[in-house]
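Here is a walk through a structure, one topic at a time. Keep the 3D view open while you read.

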There are 2 protein chains.
Amino acid sequence: MSVTAAAGFEAAGVAAGLKSTGALDVALVVNRGPLQNAAAVFTSNRSQANPIIWSRQVIADGTVSAIVLNSGGANCFTGSQGFQTTHSTAEGVAAALGVSASDVLVCSTGLIGDLLPLDRILAGVAAAVPALGDNGEDAARAIMTTDSKPKLSIKRGDGYTVGGMAKGAGMLAPGLATMLVVITTDVVLPSQALDTALRAATRVSFDRLDSDGCMSTNDQVSLLASGASGVAPELDAFTAVLRDVCLDLAEQLQGDAEGASHDIRIAVVNALTEDDAVEVGRSVARNNLFKAAIFGNDPNWGRVLAAIGTTDATFDPYDVDVSMNGVRVCHAGAPDRPRDEVDLSPRHVDLLIDLKSGEAAATILTNDLTHDYVHENSAYAS
Amino acid sequence: MSVTAAAGFEAAGVAAGLKSTGALDVALVVNRGPLQNAAAVFTSNRSQANPIIWSRQVIADGTVSAIVLNSGGANCFTGSQGFQTTHSTAEGVAAALGVSASDVLVCSTGLIGDLLPLDRILAGVAAAVPALGDNGEDAARAIMTTDSKPKLSIKRGDGYTVGGMAKGAGMLAPGLATMLVVITTDVVLPSQALDTALRAATRVSFDRLDSDGCMSTNDQVSLLASGASGVAPELDAFTAVLRDVCLDLAEQLQGDAEGASHDIRIAVVNALTEDDAVEVGRSVARNNLFKAAIFGNDPNWGRVLAAIGTTDATFDPYDVDVSMNGVRVCHAGAPDRPRDEVDLSPRHVDLLIDLKSGEAAATILTNDLTHDYVHENSAYAS
């Protein structure tokens, strides 16, 4: 399911020995057509991995036959040999499927700075091709790193399907951080329309997920369309379904963030502009002291106001309201309800910031800063 | 010593019951003249505490007779009553010393959003005045919050002295974060010259200390000059001595950062501009994944390059060198010496980033991200 839910797609996930555990580590998703339209968005990090450099070239003409993904190594900062590994992987997929290498996207995730063993990847590709079928969950498992579970989503439009898979459990930040997402659909839409829809959908989903403020070198969100449903929806309707898939996957990524004990939804309302709302939400989402306080079940609204104060957004510090889980703890920049009325024991935390400066709003998803976050990211080289 | 090392100054530190532990919590530093020249810099956080709002008015004319500081409460976001508390504190000091309240700086540190008990502060002021003397260390202890020790520094110029005290053990970020610093000197310099020197010195010291990226609402660095030495140094020479005091105190703040197990010195060299060097250094200093890796003694240079890639600085990702503790682990964006040659067991870590894009440089001081940081900032409301 997931990436194989839409008509026209096959997938496989195999173990190629890239992970020392022997777990699945190479995924292949193939678009059998009749159309092979596609769009993709990439990390905005200027330090870009070899598969990003490669895939930017592939997507330029809007045609994609297949996407191959590996965990067990990011293939980033691995020199010219590293780029050759990416290129050869695409050529291996192309030869096995009888397509052009220039229509094969490549994604990698894992440790930066280590060369990938090309022979193992090519053997993985050779094993994946005969395994192609309705194996979306295998593919989703093959791209997991520290993820505790695969992330899958399927939504139905009027006569068509959008399905997706995602991996990512850390370094989640605006600009699509350490996140690989593949979404497939059977709509009949040209690549330019897919690109418009994908950018609109990611802007309010993955781009507003900021687990730990760290942006990866390898992020990629790809959208492949087969046209197999024969349905050509209105772009707005399709974008809405696509956005639902993206939001569903983004919330799954948030819920599986490394070491997190709280999922925090920061809603910024009555901002002068949407950009202001996003800037304020991100500033709070990246404030380690606020995030540590939430871990300690401490409704520390002072740290929220201190974080807001570092932004350029339009607001009056003495006219801001802050509520946590429905309790307004700060009104007009002064204490309101007692802190101890706030129950932060549930995993989900709603933080509401009312800037009283306009009518725009935005929601940022983040996590708390925990002992387990420090443990996983100090003990695990990634 | 420290703030009482320069001729013309007296200080006191007393316990006024603001801290539940009964520790010293009110400090008073008085300039006996003959001059009462002064300069100050304040947090750039737009959410500013009442003592910041007050002290900005006091410093406007460049004349300061005394500075009163308290721990046990930040007096930030406490409404109009909170501002009245700051005002009344200055008036209490002024009445006891026979000076004008408009020449009394006020600093507070502690929890945001709680009202300070004015009666206790005024009682503390009343107790501090008769205790005035060569009590710089008492004053330094009275401003401690989670600091494990007082921070003191004294440097001698040619016939004059510059001495200072500082507090701060968290929320240390550019813009002078949760940091109170008082520096005294006996030079004969007008307030405008003191202001020039202070801004030059803080720009390359406190402003380059970025322990956890969190900017406080209460930071203030004040410089008071008595003229009691009778020496009027060249401004450049004085600035150099002042900078040494600031750097000494900044390194003491770094060394006492909450829960840190490593002091990390990030030197960015061969940048096109100093601003580029600062931006790159700060980006690395704020990268939680890099900071957690250092806690785990993992020389994870990939996380360094990923952090650099989020900046707008001029650099070529494939022409950057990264060294840790003298071992070049990345050369021209590819692996160089093996990671296991890097010994990260000492507390001090030298990270060298060579951007190969120009001749400018900057150094940022930061700390690692540890279990103790999370513990102290989740268990302690501040």
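## How the two copies are related

Turn chain B by 180°, with 0.0 Å of shift along the rotation axis, and it lands on chain A with an RMSD of 0.0 Å; the fit is by least squares on the C-alpha atoms of residues with pLDDT of at least 70 in both copies. The two copies are thus related as by a two-fold rotation axis. If you want to find that axis, look for H371(B): its C-alpha is 2.6 Å away, the closest approach of any residue of chain B.

This is a predicted model, where local features need pLDDT of at least 70, side-chain atom pairs count only at pLDDT 80 or more, and totals for chains, interfaces and linings use all residues. Residues are numbered from 1 along each chain as its sequence is written, while chains are lettered from A and ligands numbered from 1 in the order in which they are written.

## Where the chains meet

Chain B puts 46 residues into the contact, and chain A puts in 46 residues too (a contact means C-beta atoms, placed from the backbone, within 7 Å). On chain B's side, the elements giving two or more residues are α8 (288-295), α9 (301-308), β13 (334-335) and α10 (371-379). Helices here are DSSP runs of H or I with at least four residues, and strands are runs of E with at least two, numbered from the N terminus.

That side of chain B splits into 23 nonpolar, 20 polar and three charged residues. Nonpolar covers Ala, Val, Leu, Ile, Met, Phe, Trp, Tyr, Cys and Pro; charged covers Asp, Glu, Lys and Arg; the others, Gly among them, are polar. Because 100% of the interface residues of chain B are also interface residues in chain A, the copies meet through the same surface.

## Two domains in chain A

Chain A is assigned domain 1 (2-255) and domain 2 (263-379), with bounds from an automatic or database domain assignment. Their C-alpha centres lie 32 Å apart. Still, 12 residues of domain 1 are in contact with 12 residues of domain 2. The domain 1 side of that contact has three nonpolar, six polar and three charged residues.

## A look at P190(A)

You'll find P190(A) in the loop between β8 (180-185) and α5 (191-203) of chain A. Is P190(A) buried, partly exposed or exposed? P190(A) counts as partly exposed because it has 15 C-beta neighbours inside 10 Å; 20 or more would make a residue buried, and 12 or fewer exposed, with C-beta atoms placed from the backbone.

Technical notes:
Two residues are in contact if their C-beta atoms, placed from the backbone, lie within 7 Å.
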